[in-house]
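Colleague: I've got this model up on my screen and would like a close look at one part of it. Could you pick a chain and walk me through how it is put together and what it packs against?

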Amino acid sequence: MEISLSGGIIIAIGGTLPALAVGLIGAKAMEAIGRNPDAQGKILPAMLLAMAFAEAIAIYSLILAFIK
Amino acid sequence: MSAGFAPETIINIGSFPITNTILNTLFVDAVIIGGVFYLNKRIKKIPGFFQNITEMLIQTFYDITETISGSNAKKIFPFFMSFFIFILIANWSGLIPGNGAIGLKGKEGGHLIPIFRNATSDLNVTLALALISVFATHVLSLKAIGLKDYLSRFFSFNPINLFVGILEIISEITKIISLSFRLFGNIFAGEIVLITIGSLFAFIFPLPFIALEIIVGLVQALVFSMLTMVFMTILMTPHHQEAHA
């Protein structure tokens with residue numbers, strides 16, 4: 001199993017900001033649920049959708065890391 | 001050892017290569033069509049277990065579609081449900097024991113070629129699904145709002161709207177790329193993780209990763225179909241009405 005340095009750098013840099021974005025989305029969703037616990041059924045699917053969008057960017061850089 | 005990006009060819013029919021992901025797609029089709037025929041013979045007024053679950057699933061998703069798209073729900077719902085069921089069963093079929101492990105001995109250096117391989121871990125499959133989704137969105141939009149409204153979204157004489165129109169054209173292409181790569185990347189990365197963990201430890205340690213793969217398969221199927229539904233809803237409302245909504 002050969003070690004690829006460029007692949008590691010690609011996923012390290014490309015995964016930082018999406019991780020931050022997913023965390024912020026989760027934090028805001030938690031805040032919203034805390035203010036209004038009855039709206040949980042509406043907030044949760046929207047939060048999952050937004051997280052999938054944000055995570056897609058990290059997936060793009062993961063594909064490039066696999067190629068290198 | 002790791003699986004490559006491209007699926008491996010098992011046999012050739014004439015000059016058409018049958019890859020292991022095609023075999024898995026046929027298996028998923030057989031499961032879905034078999035389930036439909038089985039259910040069709042046994043529809044009763046007081047539903048049994050299988051019929052109950054199917055009705056609950058379809059009812060829940062139809063309510064979600066009606067909440068988001070309102071009056072167009074009848075046209076959008078078949079696409080939403082078909083994409084969801086196909087991608088869900090295709091993702092989960094990659095976790096059946098034996099999938100990716102039973103195979104033929106390969107020619108290049110004795111590397112194992114599996115007979116079945118997870119269908120959505122093939123970029124061809126996800127690209128085809130994304131193209132179908134975007135194409136169906138545009139055809140439905142044409143049929144719903146007519147040619148003039150459809151073209152006025154993309155081309156216009158007002159310079160600001162012209163710029164927005166060009167951005168809309170670019171965003172359509174980005175939709176295809178992002179839909180296909182999101183599904184492909186998640187499932188392919190999951191496959192690599194399972195292969196790596198399986199080659200290190202055989203027994204207790206792969207369990208959390210398999211559970212993660214079950215969740216990821218469900219979430220990705222949901223995301224793909226909900227995005228399709230949302231894009232269809234957006235493109236089926238006329239342009240000037242959308243600006244006021």
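Modeller: Let's take chain A, where 7% of the 68 residues count as buried (20 or more other C-beta atoms within 10 Å of the residue's own, against 12 or fewer for exposed and partly exposed in between, with C-beta atoms placed from the backbone). Keep in mind that this is a predicted model, in which local features need pLDDT of at least 70 and side-chain atom pairs count only at pLDDT 80 or more, while totals for chains, interfaces and linings use all residues. For finding your way around, residues are numbered from 1 along each chain as its sequence is written, and chains are lettered from A and ligands numbered from 1 in the order in which they are written.

The overall outline comes next. Chain A is built from two helices and zero strands (DSSP runs numbered from the N terminus, H or I of at least four residues for helices and E of at least two for strands). Its C-alpha atoms fit a box of roughly 50 × 15 × 15 Å along the principal axes. The radius of gyration of chain A is 16 Å, whereas a compact globule of 68 residues would come out near 11 Å (taken over C-alpha atoms, the rule being 2.2 Å times the number of residues to the power 0.38).

Now for how the pair of helices sits together. Helix α1 (residues 5–35) of chain A packs on α2(A) at an angle of about 175°, and their axes are 8 Å apart (axes are lines fitted to C-alpha atoms, for helices over the stretch in contact, with angles from 0 to 180 degrees between N-to-C directions). α1(A) and α2(A) are therefore roughly antiparallel to each other (over 145 degrees, where under 35 is roughly parallel, 65 to 115 roughly perpendicular and the rest oblique). By class, this contact of α1(A) with α2(A) has 19 nonpolar, six polar and one charged residues (nonpolar being Ala, Val, Leu, Ile, Met, Phe, Trp, Tyr, Cys and Pro, charged being Asp, Glu, Lys and Arg, and polar the others, Gly among them). Along chain A, 79% of the contacts between residues at least 6 apart in sequence join residues at least 24 apart (a contact needs C-beta atoms, placed from the backbone, within 7 Å).

If you want one residue to click on, try G15(A), which lies in helix α1 of chain A. G15(A) counts as partly exposed because it has 17 C-beta neighbours inside 10 Å. Setting aside neighbours within four places in sequence, G15(A) touches A58(A) and S61(A). Going along the chain instead, G15(A) and E31(A) are 16 residues apart in sequence, and their C-alpha atoms are 25 Å apart.

So much for chain A alone; on to its partner. Chain B has seven helices and four strands, running β-β-α-α-α-β-β-α-α-α-α along the sequence. Of its 245 residues, 26% count as buried, and the C-alpha atoms of chain B fill a box of roughly 65 × 50 × 40 Å along the principal axes.

Where the chains meet, eight residues come from chain A and nine residues from chain B. On the chain B side, α5 (159–200) and α6 (206–236) each supply at least two residues. α5(B) gives the most, with six residues. By class, the chain B side that touches chain A splits into five nonpolar, three polar and one charged.

Zoom in on one helix pair here: helix α2 (residues 40–67) of chain A packs with α6(B) at an angle of about 95°, their axes 10 Å apart. α2(A) and α6(B) are therefore roughly perpendicular to each other. The residues making this contact are L48(A), L49(A) and A52(A) of α2(A), with V219(B), V223(B) and M226(B) of α6(B). By class, the contact of α2(A) with α6(B) has six nonpolar, no polar and no charged residues.

α2(A) also turns up in the largest nonpolar core, which has 34 residues (buried Ala, Val, Leu, Ile, Met, Phe, Trp, Tyr and Cys residues joined through C-beta atoms within 7 Å). The elements giving two or more residues to this core are α2 of chain A and, from chain B, α3 (73–92), α4 (123–154), α5 and α6. α6(B) has the largest share, eleven residues. F83(B), F84(B), I87(B) and F224(B) have the most contacts inside the core.

Note on methods
Contact = placed C-beta atoms within 7 Å.
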